[in-house]
Amino acid sequence: SIVLGDPENVLLLGAAVEPGVVFDVRRGAVVVEQHAYVRHGTRLEGPTYVGPGTEVLGGAIGRSAFGPRCKVRGEISTSVFLGYANKAHDGFLGHAVVGRWANLGAGTTTEDRKTTYGAVGLVVGDGRIETGRQFLGSVIGDNARTAIGTLLPTGAVVGVGANVFGAASVPKTSRSAFRNARTGPTSAGCRRTCSSSSSNLCGIFSKTKCARWEGNWDSMKTS
């Protein structure tokens, strides 16, 4: 392995590290806990913390913290995984928080800066939080899942247990529900509500069970 900076800032606490890993500790330490595993082809840039049992499977990863037993790969910057989450494929994740047991499908990518370079806002519940931050990616809840190729905009909030799927870019808020991005509107759209008596589960969006559009997309509710 290669160390850029002071080797004393690489702390391997019983971890397994394959040859070919680059540790860049010129801006901070890299700590890899016991039973963690780092595969060849990984570049870890400090400050970064890799929790117990976490597997780092390749890619450029920096200024992040990973709780216990995560699987991570790809380009990850300035993000926090609380634990037991899976991002085992390529795709960019920046300035994000990922909850426990979340699973990000292959190619899931977050946008963490607006094209206008303006401040990013968060839509939480019925309100909006002006963060004042130029960089802010996604806040992904516990047990949330994204499908292959999901694109998440700046300041996206993915609720607990949400299942985000489809190739289209999804709305900024997916509230603790199942969200089908592929069948969503192609322009500034509307709210989709379940109109079938066969589906009484609020917030389960699907091509067959939800047929009526109403309201404003930015005020999408799951009830």
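## Strands and a loop residue

Strands here are DSSP runs of at least two residues marked E, numbered from the N terminus. With that in hand, Leu82 is easy to place: look in the loop between strand S14 (80–81) and strand S15 (86–87). Keep in mind that this is a predicted model.

Leu82 counts as partly exposed because its relative accessibility is 36%. Together with Val80, Val97 and Val139, Leu82 makes a nonpolar surface patch of about 250 Å².

## The chain as a whole

Zoom out, and the chain has 30 strands and zero helices. Of its 223 residues, 45% are buried. The accessible surface is about 10800 Å², and carbon and sulfur atoms account for 54% of that.

What about contacts along the sequence? Take those between residues at least 6 apart: 21% of them join residues at least 24 apart.

## Val30, a buried spot

Val30 sits in strand S5 and counts as buried, because its relative accessibility is 0%. Its C-alpha atom is 6.4 Å from that of Asn9, although the two residues are 21 apart along the chain. Setting aside neighbours within four places in sequence, Val30 touches a list of residues including Asn9, Phe23, Asp24, Leu44 and Glu45.

## Salt bridges

How many salt bridges are there? The count comes to five. One of them pairs Asp24 with Arg43, with the closest N and O atoms 2.8 Å apart. That pair links distant parts of the chain, since Asp24 is in strand S4 (residues 22–24) and Arg43 is in strand S7 (residues 42–45), 19 residues apart. Asp24 is buried at 5% relative accessibility, while Arg43 is partly exposed at 31%.

Arg63 forms a salt bridge with Glu45, again with closest N and O atoms 2.8 Å apart. Arg63 lies in the loop between strand S10 (59–62) and strand S11 (65–66), and Glu45 is in strand S7, 18 residues apart. Then there is Glu130 with Arg128, whose closest N and O atoms are 2.6 Å apart. Salt bridges that share partners also join Asp24, Arg26 and Arg43 into one network.

## Glu33, a charge without a partner

Side chains of opposite charge can pair when their charged atoms come close. Which side chain of opposite charge is nearest to Glu33? Arg69 is, but it is 12 Å away, and the buried Glu33 has no salt bridge.

Glu33 is in the loop between strand S5 (30–32) and strand S6 (37–38). Beyond its neighbours within four places in sequence, its contacts include Leu13, Tyr49, Val50 and Pro52.

How values were computed: Residues numbered from 1 in each chain as written. Predicted model: local features only at pLDDT ≥ 70, side-chain atom pairs only at ≥ 80, totals over all residues. Heavy atoms only, no water. Helix = DSSP H or I, 4+ residues; strand = E, 2+ residues; numbered from the N terminus. Buried < 20%, exposed > 50% of the residue type's maximum accessible area, 1.4 Å probe, protein only. Contact = heavy atoms within 4.5 Å. Areas by Shrake-Rupley, 256 points an atom, 1.4 Å probe, with all protein chains shown as cover. Lys, Arg positive; Asp, Glu negative; His and termini not counted. Salt bridge = Lys/Arg side-chain N within 4 Å of Asp/Glu carboxyl O. Patch = residues over 30% accessible without salt bridge, like charges linked within 9 Å, V, L, I, M, F, W, Y side chains within 5 Å.
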